[in-house]
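Here is a short walk through one protein model, written for someone who likes to keep the structure open while reading. Take a moment to turn it around before you start.

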Amino acid sequence: MLDTYREVVTPEGVALHLPAAGPVPRALAWTIDLAIRLAILLLASIVLAMLGAAGDGLYLVVLFLIFWAYPIVLEAMWNGQTPGKRAMALRVVNGDGAPVGWLPAITRNLLRSVDMLPFGYACGLVSGLVDPWGRRLGDLVAGTMVVHVPKTRRLPVM
């Protein structure tokens with residue numbers, strides 16, 4: 001699937017053109033986020049290894065938070081972006097172009113486990129290739145989509 005535009009007409013009659021992101025930039029952003037999460041987990045495991053058995057329990061809590069809360073909190077609080085999405089100039093928005101909120105961020109990220117079935121993001125990839133705007137199952141259920149962030153030009157200083 002190539003990147004396409006989705007046109008959304010607001011109640012005021014303004015047509016918004018949302019440049020939908022395809023599977024390749026999304027996969028690259030996910031890979032960047034995975035590398036960041038693994039680095040954080042490595043640093044946490046080094047520190048928590050010094051705590052013995054208590055460190056083992058805390059490690060499991062940190063592991064859960066890094067892999068489940070990381071994308072939810074960042075997308076809800078950081079303008080629909082994680083560091084990987086920001087590096088790839090992507091952003092999660094609601095289907096009407098509005099900023100993504102907590103409930104859609106939670107829904108789309110919890111359904112990531114369904115997108116991974118049966119292996120290697122197969123369901124997510126198939127749904128992204130079938131949907132005209134590249135949405136995976138989590139995006140379809142949450143009513144969100146991943147779009148390219150338009151490049152802004154800096155105004156010259158006078």
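What follows goes from the overall layout to the helices, and then to a few individual residues.

## Overall layout

Please keep in mind that this is a predicted model. The mean pLDDT of the protein is 87, and 98% of the residues reach 70 or more. Confidence varies along the chain: among the elements, helix H3 (residues 83–87) has the highest mean pLDDT, at 94, while strand S1 (residues 5–9) has the lowest, at 74.

The protein is built from seven helices and four strands. Reading from the N terminus, their order is β-β-α-α-α-β-α-α-α-α-β. Along the principal axes, the C-alpha atoms fill a box of roughly 60 × 50 × 25 Å. The protein has 158 residues, and 35% of them count as buried.

To get a feeling for distances, try finding Thr10 and Leu63. These two are 53 residues apart in sequence, and their C-alpha atoms are 41 Å apart in space. Thr10 sits in the loop between S1 and strand S2 (15–19). With a relative accessible area of 19%, Thr10 is buried, since the cut-off for that label is under 20%.

## A nonpolar patch on the surface

Which residues make the nonpolar surface patch? Val61, Phe64, Leu65, Trp68, Val73, Met77, Trp102, Ile106 and Leu110 do, and the patch covers about 850 Å². Helix H2 (53–77) and helix H4 each supply at least two of its residues. The largest share comes from H2, with six residues; Phe64 is one of the residues that lie in this helix.

## Two helices with a buried side

Helix H4 spans residues 102–110, and its buried residues are Pro104, Ala105, Arg108 and Asn109. They are on the same side of H4, because they cover an arc of only 120 degrees around the axis.

One of these buried residues, Asn109, also has a partner in H2. The side chains of Glu75 and Asn109 are joined by a polar contact of 2.9 Å. Glu75 lies in helix H2, and with a relative accessible area of 0% it is buried.

Helix H6 (122–130) can be read in a similar way. Its buried residues are Gly124, Ser127 and Gly128. Looking down the axis of H6, these residues fall within an arc of 100 degrees, so they line one face of the helix. Val126 and Val130 are on the other side of H6, where they are exposed.

## Loops and backbone details

Two residues have a positive phi although they are not glycines, Asn79 and Ala89. The table puts them side by side.

| Residue | Phi | Loop | Relative accessibility |
|---|---|---|---|
| Asn79 | about 60 degrees | between H2 and H3 | 43%, partly exposed |
| Ala89 | about 60 degrees | between H3 and strand S3 (90–94) | 28%, partly exposed |

Are these two residues buried, partly exposed or exposed? Asn79 counts as partly exposed because its relative accessibility is 43%, and Ala89 counts as partly exposed because its value is 28%. Both values fall in between the cut-offs, which are under 20% for buried and over 50% for exposed.

Another backbone feature to look for is a cis peptide bond. Where is it? The bond runs from Leu117 to Pro118, and its omega is near -20 degrees. Pro118 belongs to the loop between helix H5 (112–115) and helix H6.

## A side chain that meets the backbone

Finally, have a look at Asn94, which is found in strand S3. Asn94 counts as buried, because its relative accessibility is 18%. A polar atom of the Asn94 side chain lies 3.0 Å from the backbone oxygen of Pro99.

Technical notes: Residues are numbered from 1 along each chain as its sequence is written. This is a predicted model: local features need pLDDT of at least 70, side-chain atom pairs count only at pLDDT 80 or more; totals for chains, interfaces and linings use all residues. Side-chain values use heavy atoms; hydrogens and water are left out. pLDDT is the predictor's confidence in each residue, from 0 to 100. Buried means under 20% relative accessible area, exposed over 50%, partly exposed in between (1.4 Å probe, protein chains only). The arc is that of the directions from the helix axis to the C-beta atoms. Patches are made of residues with over 30% relative accessible area and no salt bridge: like charges are joined within 9 Å, nonpolar side chains (Val, Leu, Ile, Met, Phe, Trp, Tyr) within 5 Å. Accessible areas come from the Shrake-Rupley method with a 1.4 Å probe; for residues, only the protein chains shown count as cover. A salt bridge is a side-chain nitrogen of Lys or Arg within 4 Å of a carboxyl oxygen of Asp or Glu. A polar contact is a pair of N or O atoms within 3.5 Å; within protein, one must be able to donate a hydrogen and the other to accept it, and residues adjacent in sequence count only if both atoms are side-chain atoms.
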